Amino acid sequence: MCGIVGYIGKAQAAPILIKGLSKLEYRGYDSAGIAVFGDQVQVVKAKGRLAELDEKVKNMGGVKGCMGIGHTRWATHGAPSDKNAHPHTSMNGRISVVHNGIIENYIQLKSELEKQGYVFVSETDTEVIAQLFDSLYNGDLVDTLIRVIGKVRGSYALGIVCSEKPDEFVAVRKDSPLLVGISEDGNYIASDIPAVLEYTKDYYLLNDNEIVVMKKDGVTILDLDKNEIKKDIYHVDWDISAAEKGGYDYFMMKEIMEQPKALKATISPRLDNGQIVLDQLKYTDEDIKNINRIHIVACGSAWHAGIVGKYVIEDLARIPVEVDLASEFRYRNPILNKNDVCIIISQSGETADTLAALREAKRQGIRILSIVNVVGSSIARDSDDVLYTWAGPEIAVATTKGYSTQVALMYLIALKFGQVRGCVSAEEAAKLVAELESVPEKIEQLFALDGKMKELAEGHANAKDVFIIGRGIDYAVALECSLKLKEISYIHSEAYAAGELKHGTISLIEEGTLVVAIATQDTLYEKLVSNVKEVKARGANVLAIAKEGNTEIAEVADEVIYIPAIDDRFTASLDVIPMQLFAYYVAVARGCDVDKPRNLAKSVTVE
Ligand code: G6P
């Protein structure tokens, strides 16, 4: 959600900024702009895709200068337009600002500035920063930025250029991502690593309200009292190809195909001779035995992974688990007790609501274990313990390998806690660990369904509604499959616990309505088959997902997709694969922009 790139160095800034922004497209945006300091500061903005901005810059004969800031905007305050696009500039043109986040007290600040004679041209909260900075400017960028921070409330990552300072610009972040890239040839700010990975693998990770002074030959980081902060350099060990399509039409397909590798990377280092070793977890066996309740908190697909977690942790470790949406948890005054643990799940580690929920749990004094994909992200840094999902960079807005690796960690935690608490015997644990280890290979086998899922998807590309039903863990997966389909294909879809259908939703079933029935829980299989019969009797067209060997469902369903046999608890990792392919091919058949669905952002950094 919004992307920021900034550069100061030996090279021309504009191409670096536009290229960098193109690597942040996945975050979601509807307009873009740059401000480049040459003889003066030139600002160019355009509604729509980056290509429009690029075109404008080219038509101007390029924008010259070796320092600049750039932005992709995902509209919050004011519709997408050239006027509302960033950078925003103070009335006199002195200050230009790019911003990710929300300034909560902007109305009050705006009216104060209007009284001083400032005239606003956009509907955004960000313009307030530019005008406020200008009104407080005393010739020193750091001093002024500190005073600005003292007056604004909300979340922000900011890059600020001043027309009186050709050799430096400043940046800061609070609750919105921003990192600093450093190299011999110049220095960078960016919302995420892929934006500048082509130029450097060395970064500084910023904490809230650390002020960065960016110069051609160096970067200084200061606290709010202007004391210099010495930071370790964080070195990225993956290269740009990990964040490129590599021959696939869309990142989503590449990431679907990367799941076996990502799962191996997440699971294997945590297994030692069949024993689960969660080495980054600083819990003693005593700590694990004393856990009273687990609160899993997340958004979107990460929340769905948490629901799988509830089923398996309660089943294997016999610890009560509550799963909350972060946006609800943070405001509902949750009851957290001393021996409770909060598990935060987030691919990006930057989701605003999830981060706020983490802080609420922390405020109440309970221990935070986070499951995060992005190393050094805000959530990872604010947690007591972190277990990383080693999925690698995920670019498509709709998560696939991120979700799968989160689910794998749910399994590892459930097994580990179950064993330590004496709920799972060594023999059973060995059997379950072997099942878990078989998941990547079974996913490879499922890829053979690619052609079949494409054919089915093309047949259902014009569906109006799709219902996805399941029981137990199959229901948890149904939630994820339904989200995948609706977010990228724009077909209305709902997931239902199959037993709940008769309490309302079955009235929506008409002749030909597509119902996907996930029937991979051996213990609940017969009940699910009965539910399939009920919807069939009302005209539904049923696509079932079942385990190899469970053949009687073929007599009732119109189509059956078989997954390899596996313990009931691990079906979540397999069921989702054909449905990711199905959603992908439906979206392609409908001509949708698979990687960048309308209105969505990969990293939701505002609440
Ligand atoms: C967005 C993404 C989803 C993701 C959710 C939570 O909605 O499109 O794929 O599940 O945010 O993101 P997180 O980074 O916290 O896992």
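1. Helix α4 (residues 126–136) lies across the strands β5, β6 (95–103) and β7 (154–162), and runs at about 130° to β6. Here helices (H or I, at least four residues) and strands (E, at least two) are DSSP runs, numbered from the N terminus. Axes are lines fitted to C-alpha atoms, for helices over the stretch in contact, and angles run from 0 to 180 degrees between N-to-C directions. Contact means heavy atoms within 4.5 Å. Helix α5 (residues 141–151) packs on the sheet as well, touching β7, β8, β12 and β13, and its direction makes about 25° with that of β8.

2. A note on the source: this is a predicted model, in which local features need pLDDT of at least 70, side-chain atom pairs count only at pLDDT 80 or more, and totals for chains, interfaces and linings use all residues. Residues are numbered from 1 along each chain as its sequence is written, and side-chain values use heavy atoms, with hydrogens and water left out.

3. The sheet under α4 and α5 is open and has six strands, in the order β5-β6-β7-β8-β12-β13, with antiparallel pairing. Two strands pair if DSSP finds at least two bridges between them. At the edges stand β5 (88–89) and β13 (218–222); each has a single partner strand, so one side of each is left without a neighbour in the sheet. Within the sheet, strand β8 (residues 168–174) and strand β12 (residues 211–215) run antiparallel and are joined by four bridges. Phe169 has Met214 of β12 as its bridge partner.

4. Another open sheet has eight strands in the order β3-β2-β4-β1-β10-β9-β11-β14, again with antiparallel pairing. Its edges are β3 (41–47) and β14 (234–235), each with a single partner strand, so one side of each is left without a neighbour in the sheet. Two bridges join β14 to strand β11 (residues 202–205), and the two run antiparallel. The bridge partner of Asp202 in β14 is His235.

5. Which helices pack on the eight-stranded sheet? Helix α1 (residues 13–22) touches β1 (3–9), β2 (31–37), β4 (67–73) and β10 (186–190), and its direction makes about 155° with that of β2. Helix α2 (residues 50–59) touches β2, β3 and β4, at about 140° to the direction of β3.

6. The protein is divided into domain 1 (3–242), domain 2 (249–437) and domain 3 (445–592); these bounds come from an automatic or database domain assignment. The centres of domain 1 and domain 2, taken over C-alpha atoms, are 34 Å apart. Their contact takes twelve residues from domain 1 and eleven residues from domain 2.

7. Helix α7 (residues 259–267) and helix α13 (residues 401–420) have axes that come within 9 Å and cross at roughly 30°. On α7 the contact is made by Gln259, Ala262, Leu263, Thr266 and Ile267, and on α13 by Lys401, Ser404, Thr405, Ala408, Leu409 and Leu412.

8. The UniProt record, an unreviewed entry, places "domain: Glutamine amidotransferase type-2" at residues 2–217 and "domain: SIS" at residues 284–423 and 456–597. UniProt positions are in the numbering used here, feature names are shortened, and annotations may be inferred rather than shown by experiment. Residues 2–217 are 24% helix and 34% strand, with end C-alpha atoms 28 Å apart. Residues 284–423 are 46% helix and 20% strand, with the end C-alpha atoms 17 Å apart. Residues 456–597 are 37% helix and 21% strand, and their end C-alpha atoms lie 21 Å apart.
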